[in-house]
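Reader: I should be grateful for a close look at the enclosed spaces in this structure, and at what surrounds them. Please continue afterwards to the charged pairs and to the residues with unusual backbone angles.

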Amino acid sequence: MLNFLRRIASLCRKELLAIFKDPANRVILVVPSLIESFLFGYAATYDLTNVPYALLDQSRGSASTELIAHLDGTGVFHRVAMLQTQGDIARVIDSGDALIVIQFGPRFEQQLNAGEFAPVQLILDARNSNTAGSAAIYVGAVIDSFNATLRGGTGPPLTVEPRAWYNPNLETRWNILPGLIASLSMIQTLMLSALSVARERENGTFDQLLVTPFSPTEVMIGKAVPIVMIGLTQSTIVLAVALFWFNIPMAGSLVTLYAGLGLFTIASVGMGLSISAVSANMQQAMLYTFMLIMPLVLLSGLATPVRNMPQFLQTATLINPLRFAIDLAQRVYLEGVGLLTVVHDLIPLLIISAITLPLAAWLFRNRLL
Amino acid sequence: MSGPAVALIANRVHKRFLVKETGKSTQAVADVSLEVQMGSLTALVGPDGAGKTTLLRMIAGLMTADEGRLDVLGIDVAADPQAVQDRISYMPQRFGLYEDLSVQENLDLYADLHGVPQAMRRNRYARLLKMTDLARFTARPAGKLSGGMKQKLGLACTLVRSPELLLLDEPTVGVDPLSRRELWEIVQQMIDDEQLTVLVTTAYLDEAEHCARVFVLQEGKLLAEGTPEEIRQHARNLCFIVTPPQGQPLRILQARLLDDADCIIDAVPYGGSVRFIRRAEVDPQRLDSLLGGIPATAVEARVEDGFMVLLRERHDVAPMDTAISKAAGGTKNGGNGEDNAKREPDEVVIEVRDLVRKFGDFIAVDHLSFSVRQGEIFGLLGPNGAGKTTTFRMLCGLLPATSGFLQVAGFNLLRARAVARRRIGYMSQKFALYGDLSVMENLEFFGSAYGLYGKRLRERIDTVMQQFDLEGREKSPSGQLPGGFKQRLAMAVGLLHEPEILFLDEPTSGTDPLKRREFWRRITALSEVGTTIIITTHFMEEAEYCDRIVIQDAGRLLALGTPQEVRMQAGGEGARLNMEEAFIRIIEQERRKNSESPAGEANP
Amino acid sequence: MNEAGTEPGSKGLPAEKSDKVDKADNGYEGHKGIRGFRSRLISLTRKEIRQLLRDRSNLIIGIGLPLVLILIFGYGLSLDVRDAKVAVVLEDPSPVAADVIAGLELSAYISPVVVTSMHDAQRLMLAREVDAIVQVQSDFSRRLAAGNAQVQLLLHGSDASRALIIRSYVSSALSQWAQRQSDRGMVAGAGVGIAAPGSVTLIQRMWFNAANTSTWYLVPGLIVLIMTLVGAFLTAMVMAREWERGTLEALFVSPVRPTEILLAKIIPYFMVGMLGLGMCLLAARFLFEVPMYGSLLIVLVSSMLYLLVALGLGLLISSVTRNQFLASQLALITSFMPALMLSGFFFDLRNVPVVIHLIGNALPATYFMELIRTLFLAGNIWLLIFKNCAILAGYAVVLLGLARAVTRKKLD
């Protein structure tokens, strides 16, 4: 047993040295995950913060002015143009200068004073339908509250008291960053593990390794452990950015999070090593990995919810470890659940590891050249 | 000739490289001046790292000299490299064939690039394909050719038109004797037919014999130049052969001679005898006692002899390190072969019966049988693609056999547990240690792989560091060591755990004669203490070091026995063949027997 | 054998020899001028195409991956909220409470699930079977009469944008109900003479995406991704591969010019890129029925421009790194990730901090993304077309020029 551990330790040491002695690797393992976590933290947002709008006010009354004041008061809407005629609308929308145009008809004030329904036209640039949809909702909410104030100081008889669990201000960033803890490290662990054996094969060192008394299992463990460590370190970098830069409070326990992430990283290393064992050279390993990473990330629920996918794709995501890892990371981080609650995430990860790791070890020796 | 009579003039050329790790620069080419005449074959020879390739690259306009001037075909290369590149052809050491293109497509590409008119191509192709014997394979992807065929195709690609100057960088490295001879025949024929001007670098000095002029480079400097005859002059009257008594392996006498550097410049086994160069000023009495009274016959000097004399005398290279002799002492717990009573000297340690390996329909190894006894040096020989490497990999347990029986040290290594693999050492053809790791880290890692640790590991590392002359290099990244160091480190790693059997796959491919001598001195020392050695090589003279050899072609065993027996098989009693001649003869006999279209260009 | 060997050659030989004497000064005619250029370029390009077709991994990335992406983006990814499940807990049995809830049923975006207790609702929410809970407490009708009724809305925050949308839909459904109530109440309570105030109603028109589906904006954006993938990622490997395999050394010592080597790399990958474009356009039209209001010709021209930008970047990376692994990582970081994250593909650049916005605006992908979406969904908006095409052309010239500048026939 002691000898076994000693051998594993020496394999791990060799692997770490081989990875970190290459200056390009040192940069590639740290810098991208750091940059990406910042970039994504800021860029990956569906929250509306800035809606440029143009105003076409044909009524020129106090009501429309008041309504616009409500709109400006939100801080989200910024007027970029005052239009004179209907014909100007196309210009500002087409050029993308304004996301929306708000148009008050000539009879707006009259209709409102007469107790009628006074229509406001809202024209949206829906080239990005997501942004347009959100903007419409925003404008709708402003108009609702304007209607309420019309009815005097007593306030509305009914108020909605919204409370959001786990993400009080409903910021996209709060969802994305826990997801990134898993996804950013996966990209690199897959690449590293897929290339590790392929690189050794190309350099001829794998033969030298196989003639030594190491068993395939030992070689496999020796490769997996350092990469898992690197993967977890990268997760830690993202976690630190989330906690200390973006100040997203963590509800769950670190132990639970790392237990889940550990299992997930092992599963991805297993996948990477299996790719590695079937690739003839580094180029193939790299392309296969890339080919795999794309669907894994896209179908993980990171950018768009799994529930919005058609049924067959939802079924397909059952073999995607990232899907479970993102769910797990979000739940532990935001909801603060314990290991028992996320057991449905852990079991698939366990199954994936249990298949890929032995497969990789077997392929090391038995791959037909 | 309307062009200049001189193809190349180098005037005090210098080139330095910056070594990234240390920040220091090394002088790759220092103050070299030379001239190459039109229509001649000129050789650049010298040990590894002498600057041959750098010089060639500068001539080809791929590098720029730091100082000095290079005029190629009357053009200053530094000023207008493209003008030179339009007119010359260059075959780099590793000719970059496009491996997924077929033979024909590779040829077409280069013909197009050199603007060879369509009308000329038919004849040219027919001729090139005939000379290279590739006509049957025009549709085959270049990647699927054997090493020798690849080199020939590379050469053919550079000869799609008649260049005004042809640069060949070690065209025969890693190529078997048969293909090597064919390559030279092609070059020779082109020179005869087209008055081609050729500048070739080589580590095989017998190749320099054909050249009109030879330049000897050493550490970037021009050491000597002249006709082959002038180079030979340096060793005139110093070369002898001596035949040891029947039954005594040549290497014993050879080692004894080599170890006495004061008397002997060089000694190699040669056609059943030992060929040696004595120092000019040697005391005849001392030499006589060294030879043990066996009479020595004077022989003609070769270019290689002149080269050895030049290198040893002019540069005073320490001949064989005393550490090498210690290599023997250090291994096997300080004992030597005879003390190792546990093991019978005749015990069979490797047994192979009816071994077969197929790749799809292709039979790479075809019912091979042989056995190796303890303490033997056993050579696996054969042309490129003969199945040597496949056999070798099966023996090491890196490749499963399709059928047959295979035992190494009592086990099939593919399936065997760790214990069995602890008994073998392995050194692959190309450097296969972790290049980014330092010397010490590699030794530590592989030591621990074999279950060495703590004090025992330290001791062993210290021993091999000393044995293989690696001291002072502990912290250097292994991948950046000079070639010779790399090879010694690989050996050190293979021997760290004192294996009973050592596998060596073309360990001397592409190394210069000096390093090969040194290497073999180490091998013979190891064998003296009872280590069994399995080795593959393309240098046929090296087969003479072996106790027994096997010659394979197309997967089948063609000859098995002592070098003497194999020579007999090839040429009968009377013929005094050297190993290379014997080898070529055996292969050609066999191929003629088996095929209606003989592959080799058999000389009548 | 030797004799036989020289025989066929010896016929052609004298002719060749005399040729050689004539041409010794000027080398072969073919080297010079446009004819040499053309024949070398054709030959090199043929070589590249053959290599491309024979290396399966290239085809997988060049054709297989675009197909997978098209399917995933077309079918798999959707940001739209439709039929979001909301648990409704009705603790007040009064008809007025039921009336409040009935308003929710009308929304196309929300599908209420009535549960009996808050406990059950929370269980559903924890299991993420519902996205929100609407709770009408038992004192609702009493408090409504007093004029300060409340409805609790609990949202699951782990998908913020979804939660936001649901919050808006629920709030607006309920406040519209309240408005109707209060109008009725005012008329009843305040007696005659005072007219109830009017109310503002919103009439919204989604330009350029009448179906209001994310597929319409994701699929045109996909063209950007695929062009980047083929242009930058795949091409980043090709020069590096030649450096790694040592195939350039012999090639350099020939009449071939660096420009020809580069052009020969660009042409086949340009074709692969156009193939990807073709697949995207067909899928957009026939599979996902995304309209194209702009002209197909301009779509093609601008895509070609962007493809040249991507190819220039890929070749530049490839020539500088000379290492496939490094090149692919660099290509991923500098081209693919930004095209995915910072070009406005998923995330609207209007909503990000200034710095990120500036980075996004420095990327050619951003301009192509804007242009291609406009061409698909809005039509030929000439100002935008000229501006963005000019920017893309500028990038193409600079990047290709740089790639040419770093490709030198030198080993040191």
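Author: In this predicted model, the second largest cavity encloses about 130 Å³ of space. Its lining is made up of 14 residues, and those nearest its centre are Gln51(C), Val238(C), Arg241(C), Glu242(C) and Arg245(C). By class, 7 of the lining residues of the second largest cavity are charged, 4 are nonpolar and 3 are polar. At least two lining residues come from each of helix 2 (33–54), helix 8 (214–245) and helix 10 (258–287) of chain C. Helix 8 of chain C gives the largest share of this lining, with 4 residues.

The second largest cavity belongs to a wider set, for the structure holds 11 cavities of 30 Å³ or more. The largest cavity has a volume of about 410 Å³. A total of 28 residues line the largest cavity, and Phe40(A), Ile187(A), Val297(A), Met337(C) and Leu340(C) lie nearest its centre. Two or more residues of that lining are given by each of helix 2, helix 7 (172–203) and helix 11 (282–298) of chain A, and by helix 12 (324–341) of chain C. The lining of the largest cavity has 23 nonpolar residues, with 4 polar and 1 charged.

Helix 2 of chain A, which contributes to the lining of the largest cavity, also carries a residue of a surface patch. Val30(A) is placed in this helix, which covers residues 23–43. Together with Val27(A), Val31(A) and Ile35(A), Val30(A) forms a nonpolar patch on the surface, and the accessible area of the four is about 300 Å² together. Because the relative accessible area of Val30(A) is 37%, this residue is classed as partly exposed.

Helix 7 of chain A, another contributor to the lining of the largest cavity, leads to the charged pairs. Over all chains, the count of salt bridges comes to 71. One of them joins the side chains of Glu200(A) and Lys223(A), with 2.9 Å from N to O. Glu200(A) belongs to helix 7 and Lys223(A) to helix 9 (residues 216–245) of chain A, so that the pair links distant parts of the chain, 23 residues apart. Glu200(A) is buried, with a relative accessible area of 5%, and Lys223(A) is likewise buried, at 1%.

In chain B, Glu500(B) makes a salt bridge with Arg423(B), and their closest N and O atoms are 3.2 Å apart. The two partners are 77 residues apart: Glu500(B) is found in the loop between helix 17 (483–495) and strand 20 (501–505), and Arg423(B) in the loop between helix 14 (418–421) and strand 19 (424–427) of chain B. Arg423(B) counts as partly exposed, with 24% relative accessibility.

Helix 17 of chain B also holds a partner of a further salt bridge, in which the side chains of Glu518(B) and Arg488(B) meet at 3.4 Å, N to O. Glu518(B) lies in helix 18 (residues 513–528) and Arg488(B) in helix 17 of chain B, so this pair ties together parts that are 30 residues apart in sequence. Arg488(B) is buried, with a relative accessible area of 11%. There is also a network in chain B, in which salt bridges with shared partners join Lys455(B), Arg456(B), Glu459(B), Arg460(B) and Glu498(B).

Two residues of chain B have positive phi values although neither is a glycine. His367(B), with phi near 45 degrees, lies in strand 16 (residues 362–373) of chain B. At 49% relative accessibility, His367(B) counts as partly exposed. Ala409(B) has a phi of about 50 degrees and is located in the loop between strand 18 (403–408) and helix 14 of chain B. Ala409(B) is buried, at 10% relative accessibility.

Contacts between separated parts of chain B complete the account. Ser146(B) is placed in the loop between helix 4 (118–132) and helix 5 of chain B, and Ser146(B) counts as buried at 17% relative accessibility. The C-alpha atoms of Ser146(B) and Gly385(B) are separated by 5.4 Å, while the two residues are 239 residues apart along the chain. On the other side of helix 5 (147–158), Leu159(B) lies in the loop that runs between this helix and strand 7 (165–169) of chain B. Leu159(B) is buried, with a relative accessible area of 1%. From Leu159(B) to Tyr90(B), 69 residues apart along the chain, the C-alpha atoms are separated by 9.4 Å.

How values were computed
Residues are numbered from 1 along each chain as its sequence is written. Chains are lettered from A and ligands numbered from 1 in the order in which they are written. This is a predicted model: local features need pLDDT of at least 70, side-chain atom pairs count only at pLDDT 80 or more; totals for chains, interfaces and linings use all residues. Side-chain values use heavy atoms; hydrogens and water are left out. Patches are made of residues with over 30% relative accessible area and no salt bridge: like charges are joined within 9 Å, nonpolar side chains (Val, Leu, Ile, Met, Phe, Trp, Tyr) within 5 Å. Accessible areas come from the Shrake-Rupley method with a 1.4 Å probe; for residues, only the protein chains shown count as cover. Buried means under 20% relative accessible area, exposed over 50%, partly exposed in between (1.4 Å probe, protein chains only). On a 1 Å grid over the protein atoms alone, a cavity is a set of points where a 1.4 Å probe fits but cannot get out, and a pocket is an open set with protein on both sides within 12 Å along at least five of seven lines; lining residues have an atom within 4 Å of a point. Grid points are joined across faces, edges and corners, and a volume is the space filled by probe spheres set on the points. Ala, Val, Leu, Ile, Met, Phe, Trp, Tyr, Cys and Pro count as nonpolar, Asp, Glu, Lys and Arg as charged, and the others, Gly among them, as polar.
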